[in-house]
Amino acid sequence: MKKFSYLLMSIMGLALISSCNNQSKGAANGALSSSAAEKVYVAPGEHDEYYAFISGGFSGQLSVYGLPSGRLFKVIPVFSQDAEKAWGYNEETKPMLNTSHGFVPWDDAHHPDISQTNGELDGRFVFINGNNTPRIAKIDLTTFETTEIIEVPNSAGNHSSSFVTENTEYVVAGTRFSVPVPQRDMPIKDYKGNFKGALSFISVDPEEGHMDIKFQLLMPGFDYDLSHPGRGKSHGWFFFTTYNTEEASSLLEVNASQNDKDFIAAVNWKKIEEYVNNGGGTKMPANYAHNVYDDETHTATSTMKKEVLVVNPSDVPGAVYFLPTPKSPHGCDVDPSGEYIVGNGKLSADLTVHSFTKMLAAIDGKKFDGEAYGIPILKFEDVLAGTVKSGGLGPLHSEFDAEGNAYTTFFISSEVVKWKLGTWEVVDRQPCYYSVGHLMIPGGNSRKPFGKYVVAMNKITKDRYLPTGPEVTQSAQLYDISGEKMELLLDFPTIGEPHYAAGIAADIVKARSRKIFNLTENKHKYAATSDADVRIERNGKEVHIYMTMIRSHFNPDNIEGIKVGDKVYFHVTNLEQDYDVPHGVSMIGANTSELLIMPGQTETFVWEPKQVGVWPFYCTDFCSALHQEMQGYVRVSPADSDLDLSWSLGD
Amino acid sequence: MLFSVLLMGCGGKEEKKKEGFSVERQKTATEQPIETPAASTAKASERIDLDSKGVGPITSLTLASEIDQAMAEKGKTVYEQMCTACHRIGKKFIGPAPNNILERRSPEWVMNMILNPEGMVKEDPLAKELLQEFNGAPMANQGLTEEQARAVLEYFRTL
């Protein structure tokens, strides 16, 4: 309510006036910046109004920020190993990074999208794509942890991903690079007409959220850049921007910019789903990893899947159409009503907006302008709703508020432009510092945008922050969009490259956020959920330590009978059942990271001692006044020692 | 098998040599009662206070004269799962042994210590002293329900 009244205040222009009373130091634009400071100030102990999930781009991770404060709460490891949280280092999560190429400890994380019900954000999951080794990850918003990763076969540069349909029926992953399908040894110059672009529709189980590739649509060998679902009246369709319809395989900088118009591909997925449900499509051999983390076993499993169902678009008449769209469009955005499909032609000054209603009429009237590989091309003029003459350069991505306005980033002219749907008139423009890429309005890709703030994510910061050598921080900028004019409120630094983001009202998510894992539900194979389970077992050179931890000791904390050449598994269970009492553990010389173990959770690291001696381990997360006492020793004897295993605590 | 490993491991330990240095250090808490005279010559853990109900959700609890064995059994299970990391029957460990606790504390106090340890060490004088006596090791809130805590209390009556 307090926030709402702020909103009212700013609409009435009172904020400005009241801020004048608080003027203290005489900055040139003092009145304005004082007002901006108030708008982003979240008092100590207070919570932010929105969560912003901002991808780390080449960091491979997903960061969680609060809005409007711009405070960073968590970096959720997704595709990259994270020593801080043992992600990809402990035995439990290593399978999450398994692929058909083996263990791949990094990816390029691009487009987070929040699950929806009836076209509105439901706050259950965030999906995000790994570009490089094509994967889709799912983050569970009860734990804010990555719980599933599925590899996408027949895909390369998984970029027009990971956007969800209106009821999260599917999370969609389109390939940026077309490739031979199936992969084979062939000359690169034979690309044209031979490579394919796979658009993958990954079904999401309505209860558990498990992902499964329902079908892949094998499209012509273009680059599929970005995509968005239809909603409302256009629910059942999905729209993909394409470039390189020239099908060039070299010097794309020039060769992929020859055609005046590329396409937006409109895919009637409901029609294809029906076709597939009736036995349509072809099962082709494939090899891709499906990795699932289980909150009860605290362990991930990786399964290699061997088959995928592919659909040739020409086998499903009426399912796919091309909408001509100028100048290598990047963003492909659908307004909250589902009527307008915005193509952000990145080499253009203008935005092209298509009408869904006109598109249906053109399809009905069979007004085609030829075809590409059997896919009908609609006439540009027949589907065009309007053109936004922005005056900017390089439009990339548009999101929407709830009042019929769109907000588009312009990379080359480095600005956010606000314009009106329907009249296409430009209402306002504000500069970005510098070279803005994507932008995000909480709920801005849904039927119900929250429409109070827009976050612009910049590619370059140069002089905006204290310098840190040649590599400087990247950043996001927060604008208030509650008024007619946008107002820059805040710059804040981000992790990696802040590539893309999704935001949601905090109230939808925070009540469901989990506090602990119940010990009684711990089904980890090597858990010791009470001190009675504490033990050490030797199986040849493999030693398994079933260890517990609680403020402020390990059980056992003295271990003897370990030998050089052993492979020692520390399976450590945190017996705490209180909120925010994690413990950490690390062992001198272990060739891995620490473990950071939440209450009720079990994690495992492996230590292969190479030197005789008595070696300590200790708790790495400050847990209590006796944290510094939370330590233990392991005696390592020579490989040929006949000292038996023994362990103790306090004896 | 495991037990024998354990036993063997315990055997053959080094003799008790007086190596290194030792300081004749005594804890002052028992010798020099600073804050509370008279009664506090006894350690907080040994002192008897059957009147205080402590601080927490339990304000009144009357125990039946007969022990409810079924409830005590349940309590034993909960105790072994949630409490043995710090409490052992019959001996001081990280925290005190629960034996005969109801001869020293009211049932309400015991349950409040289980259910509201953070509040107790802040507001209950005896709990505060106990925290000091036990090296500042805070009692962990193990998230027991009232029903579970009640069952643990019943189990303590059997010890």
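**Exercises on a predicted two-chain model**

In this predicted model, Val267(A) touches Leu199(A), Leu217(A), Trp237(A), Phe238(A), Phe240(A), Ala319(A) and Val320(A), leaving aside residues up to four places away in sequence.

**Exercise 1. The nonpolar cores**

Determine which residues of the largest nonpolar core touch the most other members, and which strand gives the largest share of this core.

*Solution.*
Step 1. The largest nonpolar core holds 123 residues. Val267(A), Val454(A) and Val455(A) are the members that touch the most others.
Step 2. Strand β13 of chain A, residues 211–220, provides the largest share of this core, with 6 residues.
Step 3. Another core, of 68 residues, lies apart from the largest one. Its members include Phe517(A), Tyr569(A) and Phe570(A), and also Phe156(B).
Step 4. A general tendency may be recalled here: in soluble globular proteins, nonpolar side chains tend to be buried together.

**Exercise 2. The side of chain A that touches chain B**

State how many residues each chain gives to the contact, and describe the side that belongs to chain A.

*Solution.*
Step 1. Chain A contributes 26 residues to the contact, and chain B contributes 22 residues.
Step 2. Three strands of chain A each supply at least two residues of the side that touches chain B: β36 (542–550), β37 (553–555) and β38 (558–563).
Step 3. Sorted by character, the residues of this side of chain A are 8 nonpolar, 11 polar and 7 charged.

**Exercise 3. The surroundings of β38(A)**

Find whether β38(A) is mostly covered or mostly open, and identify the strands to which bridges join it.

*Solution.*
Step 1. Of the 6 residues of β38(A), 5 are buried, and the strand is thus mostly covered.
Step 2. Strand β44 of chain A, residues 631–637, runs parallel to β38(A) and is joined to it by 4 bridges. Asn558(A) stands opposite Tyr633(A) of β44(A).
Step 3. Strand β45 of chain A, residues 646–648, runs antiparallel to β38(A), with 3 bridges between them. Here Ile559(A) has Trp647(A) of β45(A) as its bridge partner.

**Exercise 4. The architecture of chain B**

Describe the elements of chain B, the share of buried residues in chain B, and the sequence separation of its contacts.

*Solution.*
Step 1. Chain B contains 6 helices and 0 strands. Read from the N terminus, its elements follow the order α-α-α-α-α-α.
Step 2. Chain B has 159 residues, of which 30% are buried.
Step 3. Consider the contacts in chain B between residues at least 6 apart in sequence: 76% of them join residues at least 24 apart.

Definitions and conventions: Residues are numbered from 1 along each chain as its sequence is written. Chains are lettered from A and ligands numbered from 1 in the order in which they are written. This is a predicted model: local features need pLDDT of at least 70, side-chain atom pairs count only at pLDDT 80 or more; totals for chains, interfaces and linings use all residues. Two residues are in contact if their C-beta atoms, placed from the backbone, lie within 7 Å. Ala, Val, Leu, Ile, Met, Phe, Trp, Tyr, Cys and Pro count as nonpolar, Asp, Glu, Lys and Arg as charged, and the others, Gly among them, as polar. A residue is buried if 20 or more other C-beta atoms lie within 10 Å of its own, exposed if 12 or fewer, and partly exposed in between; C-beta atoms are placed from the backbone. Two strands pair if DSSP finds at least two bridges between them. A nonpolar core is a set of buried Ala, Val, Leu, Ile, Met, Phe, Trp, Tyr and Cys residues joined through C-beta atoms within 7 Å.
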